[in-house]
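I pulled up this chain to jot down what I could look up in it. Short entries follow, in the order I went.

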Amino acid sequence: MVAEAAGVSLPTASKVINGRGDVASSTRARVEEAARELGYVPPVGRRSVVAARVVDLVFDDLVSPYSLEVLRGVTEAATEAAVDVVVNRVPAAQTGPAGDSTPESWANRLKSAGREGIIVVTSELTEEQVDAFDRADVPLVVIDPLNLPRVDVTSVGATNFSGGLSATEHLLSLGHRRIGFVGGPVRAACGQARLHGYRAALEKAGVSPDTDLALHGAFSYPAGLEMGNRLLEAPEPPTAVFAASDTTALGVIEAARRRGLRVPDDLSVVGFDDTILASLATPALTVVRQPLPDMGRVALRTLLRLAAGESLDSHHVELATQLVVRDSTAPR
């Protein structure tokens, strides 16, 4: 009955019921759905097809406020869909024959474990890794990737360009003209979009971008501190800084504090993300809010659609950002 309802052969249905991994994700999803609708109960000793499905959620940084917000969105959507989430880190590259971190071994391990697919967050993927997931029929969705090795990789992000534009326009509206930019890695696509928004706002206002005021490092507090020091020790330091993450912005604020500068009286600072750190900071941080939990929810639901064999209207989804004005910005 299950095979007939799912439109598959009896051997294929048997493979799914017995937990075999050599079945396409979309086919497995149809068989499991048919079994649930029919109330099928497998014989004792066999894996139940009505057991919760599992996806892998992989981060480059497990402890950042950004990651926790994305994790919250993914797990909320997973609970609604009766899906379990396994949280992990991107495996370190290994070249030895026993390594479990080659692209093929990583993809095959997920396939043999019967994963619905994998969500990779703020990480850099190689074309070899993406190809390996394709060959193993493991659906992939990336959130704010540092790169997109192929244009057909499904991604979820925010409107980074318009976010950078609105942050810089806010500082310009306060009378600031020497505005610094403290970004993440040069290769980070989301950071580049924020930088382009920053430059576009300056040019629109008739302010020539000063390349010495645009720095790149990491999306981290130590990087923000280091880049903040470099900006503030310049002969003509900026009166405002747009930082491409909350943690980077807090590093800039600390660099100002160590110089006896007050935020926002002496230096205005805008962050990007709107994690819990932004509202807890002193002063509370003006930010560009990107909907991190919503990005997690959309990624999970998109992954399940891919696992079910559904076609997507677009491989790239961008959710709207919003400027949130708090206490870290003031007129020049």
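**Domains**

I started with the spacing of two domains: the C-alpha centres of domain 2 and domain 3 lie 30 Å apart. For the contacts between these two, I found 9 residues of domain 2 touching 11 residues of domain 3. I then checked the bounds: domain 1 runs over 1-38, domain 2 takes 54-157 + 293-318, and domain 3 covers 160-291.

**How far to trust it**

Note to self: this is a predicted model. I looked up the confidence, and the mean pLDDT of the chain is 89, with 91% of its residues at 70 or more. Residues 44-50 fall below 50, and I still see 17 contacts for this stretch beyond near neighbours in sequence. Residues 94-99 also stay under 50 in pLDDT. For that stretch the model has 5 contacts beyond four places in sequence.

**Whole chain**

I got 12 helices and 12 strands for the secondary structure. Along the principal axes, the C-alpha atoms fill a box of roughly 75 × 40 × 30 Å. The chain has 332 residues, and 52% of them count as buried. About 14,800 Å² is exposed, and carbon and sulfur atoms supply 53% of that area. I also checked the contacts with a separation of 6 or more: residues 24 or more positions apart account for 72% of them.

**Salt bridges**

How many salt bridges are there by the rule I used? The count comes to 24. I picked out a few pairs to look at.

Arg-194 and Asp-144 are one pair, with the closest N and O atoms 3.9 Å apart. Arg-194 sits in helix H8 (residues 189-204) and Asp-144 in the loop between S4 and S5, so this bridge ties together parts that are 50 residues apart in sequence. Is Arg-194 buried or exposed? Arg-194 is buried, at 2% relative accessible area. Its partner Asp-144 counts as buried too, at 4% relative accessibility.

Next I looked at Arg-326 and Asp-274, whose side chains meet in a salt bridge at 3.0 Å, N to O. Arg-326 is in the segment after strand S12 (322-324), and Asp-274 is in the loop between strand S9 (268-273) and helix H11 (276-280), so the pair ties together parts 52 residues apart in sequence. I checked the cover on each: Arg-326 is partly exposed at 21%, while Asp-274 is buried at 15%. The cut-off for buried is under 20% relative accessible area, so Arg-326 at 21% goes down as partly exposed.

Then Glu-310 with Arg-305: the closest N and O atoms of this salt bridge are 3.0 Å apart. Glu-310 is partly exposed at 41%, and Arg-305 is partly exposed at 33%. I also noted a network, in which salt bridges with shared partners join Glu-69, Arg-72, Glu-76, Asp-294 and Arg-297.

**A buried threonine**

I went to Thr-168, which is found in helix H7 (residues 160-173). Its relative accessible area is 0%, so I put Thr-168 down as buried. What does Thr-168 touch, leaving out residues up to four places away in sequence? I listed Ile-179, Tyr-198, Ala-201, Leu-202 and Phe-242.

**Two loop residues**

Thr-102 is in the loop between S2 and helix H5 (103-112). I have Thr-102 as partly exposed, with a relative accessible area of 24%. Pro-91 is 11 residues away from Thr-102 along the chain, and their C-alpha atoms are separated by 8.5 Å.

Val-151 is in the loop between strand S4 (140-143) and strand S5 (154-158). Is Val-151 buried or exposed? Val-151 is exposed, at 73% relative accessible area. I looked up its spacing to His-315: the two are 164 residues apart in sequence and 8.4 Å apart in space, C-alpha to C-alpha.

**A nonpolar patch**

My last stop was the surface, where Leu-62, Val-63 and Val-87 form a nonpolar patch. Together these residues have about 260 Å² of accessible area. Val-87 belongs to strand S2 (residues 83-89). On its own, Val-87 is partly exposed at 39% relative accessible area. Patch members need over 30%, so Val-87 clears that cut-off.

Conventions: Residues are numbered from 1 along each chain as its sequence is written. This is a predicted model: local features need pLDDT of at least 70, side-chain atom pairs count only at pLDDT 80 or more; totals for chains, interfaces and linings use all residues. Side-chain values use heavy atoms; hydrogens and water are left out. Patches are made of residues with over 30% relative accessible area and no salt bridge: like charges are joined within 9 Å, nonpolar side chains (Val, Leu, Ile, Met, Phe, Trp, Tyr) within 5 Å. Accessible areas come from the Shrake-Rupley method with a 1.4 Å probe; for residues, only the protein chains shown count as cover. A salt bridge is a side-chain nitrogen of Lys or Arg within 4 Å of a carboxyl oxygen of Asp or Glu. Helices (H or I, at least four residues) and strands (E, at least two) are DSSP runs, numbered from the N terminus. Buried means under 20% relative accessible area, exposed over 50%, partly exposed in between (1.4 Å probe, protein chains only). pLDDT is the predictor's confidence in each residue, from 0 to 100. Contact means heavy atoms within 4.5 Å. Domain bounds come from an automatic or database domain assignment.
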